[in-house]
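Me: I would like to go through this protein with you step by step, from its overall make-up down to single residues. Please take the structure below as our common starting point.

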Amino acid sequence: MLKWVAPLTDSAFSPMYLQADWFSTAIQGLNKPLGVSSIMRAPTASKEHNVILSVYSKTVSVKSRLGEPVMLDCGFWADPSSPLSGSGFAVEWRYQFRGDGRLVLAYDGKADRLADTQEKGATLDFEGLHEKGNASLILQEAQVRHSGTYICTVYLPYLLAQVAIELEIVEPPSLSIHPSPLPLSVPGQTLTVHCDASRFAPLSLELSWEFKDANGESRPLGSGSVTGHRQAWDGTYSQSTRLELDTSKLDLVRGGEVICVAVHPGGTRRAGVKLNVIGFSTPSIEDSMAMVGVALVLYGLIKFVSWTFTGSGSDEADKKDK
């Protein structure tokens, strides 16, 4: 028997109260917002069913970003008129994912004691647990390894009920393009552009390229050459794509923007870099200001040289007259 449940049934004899018909039910909402598991008792040869223990969750499916605190909702109610409800309770949280399972946290409510196998960063609201039956699990910092099924089990003496909550860690990718900025290209030149998508979870990701012209109109450029997934130490993934951009196939009038697009369950992300082609791209505001500055410097230099030669010529004429 589990150590945190054993104190609930320390007597060697079962109470007469157990001599009845017992039923269990499990109910789940159509859109999966709610899950309820109940244990009911009916005296022998009676049609009257009384709920003795009910465990429920208002959110049986939860999504979270990396690094955020997560609360997995679980509560329970025990019939105060039942002799079983006054003998203490225990709460257990277990994790399951693809055949792997582990104990996350176990609490003996009768002895007010946690099991030694408590997972780091997992806790309960103990005050709310005793006062309101709030058995929700709190994970202080969501990590990729937390994705999976969590089972909340509440024990009364000789009884138990449980609900399952699905947790999915969803982190959209961070995008970076290089080289950035793109080098100034000649019409017809082929450019190689790389896009790196990093620190995303889960694995599903679609990478593609777009070109947006100066009028704001976009056209697809395909997915390029996409690499395989790479997994980091924290369980997140990264992936890259390379685009061989043939500028002769683009209708470049005033330049445009090359955009990397990443479609992920956590949302769509875009990153762009400006494309300038010699003979086509209009100067930017910074370029125009620089050209004005250069023109002013040249104008001042010409005026200075002109003034210098004019002054020297006047001095020589004065000497000859003397």
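Me: How many helices and strands does the protein have?

Reply: This is a predicted model, and the counts that follow are computed from it. Strands number 22 in this protein, and beside them stand helices, of which there are two.

Me: What share of the residues in the protein is buried?

Reply: The protein has 322 residues. Among its contacts with a separation of 6 or more, 58% join residues 24 or more positions apart. Buried residues make up 37%.

Me: Which strands stand at the edges of the open sheet of six strands?

Reply: The six strands of this open sheet follow the order 4-13-12-7-8-9, with mixed pairing. An edge strand has a single partner strand, so one side of it is left without a neighbour in the sheet. That is the position of strand 4 (61–64) and strand 9 (113–114).

Me: Which residue of strand 12 stands opposite Tyr 95?

Reply: Strand 7, residues 90–97, pairs with strand 12, residues 148–156, in the antiparallel sense, and the pairing runs over seven bridges. The residue of strand 12 that stands opposite Tyr 95 is Tyr 150.

Me: Which strand gives the most residues to the largest nonpolar core?

Reply: The largest nonpolar core holds 39 residues, and those touching the most other members are Leu 72, Trp 93, Leu 137 and Tyr 150. Leu 137, leaving aside neighbours within four places in sequence, is in contact with residues including Leu 72, Trp 93 and Tyr 150. The most is given to this core, with six residues, by strand 13 (residues 159–169).

Me: How many residues are in the other core, which lies apart from the largest one?

Reply: Among the members of this other core are Phe 200, Phe 211, Leu 245 and Ala 271. Its number of residues is 20.

Me: Is Ser 238 buried or exposed?

Reply: Ser 238 lies in strand 20, residues 237–246, and, not counting residues up to four places away in sequence, touches Ala 197, Ser 198, Phe 200, Gly 228, His 229 and Arg 230. A residue is taken as buried when its relative accessible area is under 20%. Ser 238 has 16% relative accessibility and therefore counts as buried.

Me: How far away from Asp 213 is the nearest side chain of opposite charge?

Reply: Asp 213 lies in strand 16, residues 206–213, and a polar atom of the Asp 213 side chain lies 3.0 Å from the backbone nitrogen of Glu 217. Asp 213 is buried yet has no salt bridge, a salt bridge being counted within 4 Å. The nearest side chain of opposite charge belongs to Arg 219, and its distance is 4.2 Å.

Definitions and conventions:
Residues numbered from 1 in each chain as written. Predicted model: local features only at pLDDT ≥ 70, side-chain atom pairs only at ≥ 80, totals over all residues. Heavy atoms only, no water. Core = buried A, V, L, I, M, F, W, Y, C linked by side-chain atoms within 4.5 Å. Buried < 20%, exposed > 50% of the residue type's maximum accessible area, 1.4 Å probe, protein only. Helix = DSSP H or I, 4+ residues; strand = E, 2+ residues; numbered from the N terminus. Contact = heavy atoms within 4.5 Å. Lys, Arg positive; Asp, Glu negative; His and termini not counted. Polar contact = N/O pair within 3.5 Å; in protein donor to acceptor, adjacent residues only side chain to side chain. Pairing = 2+ DSSP bridges.
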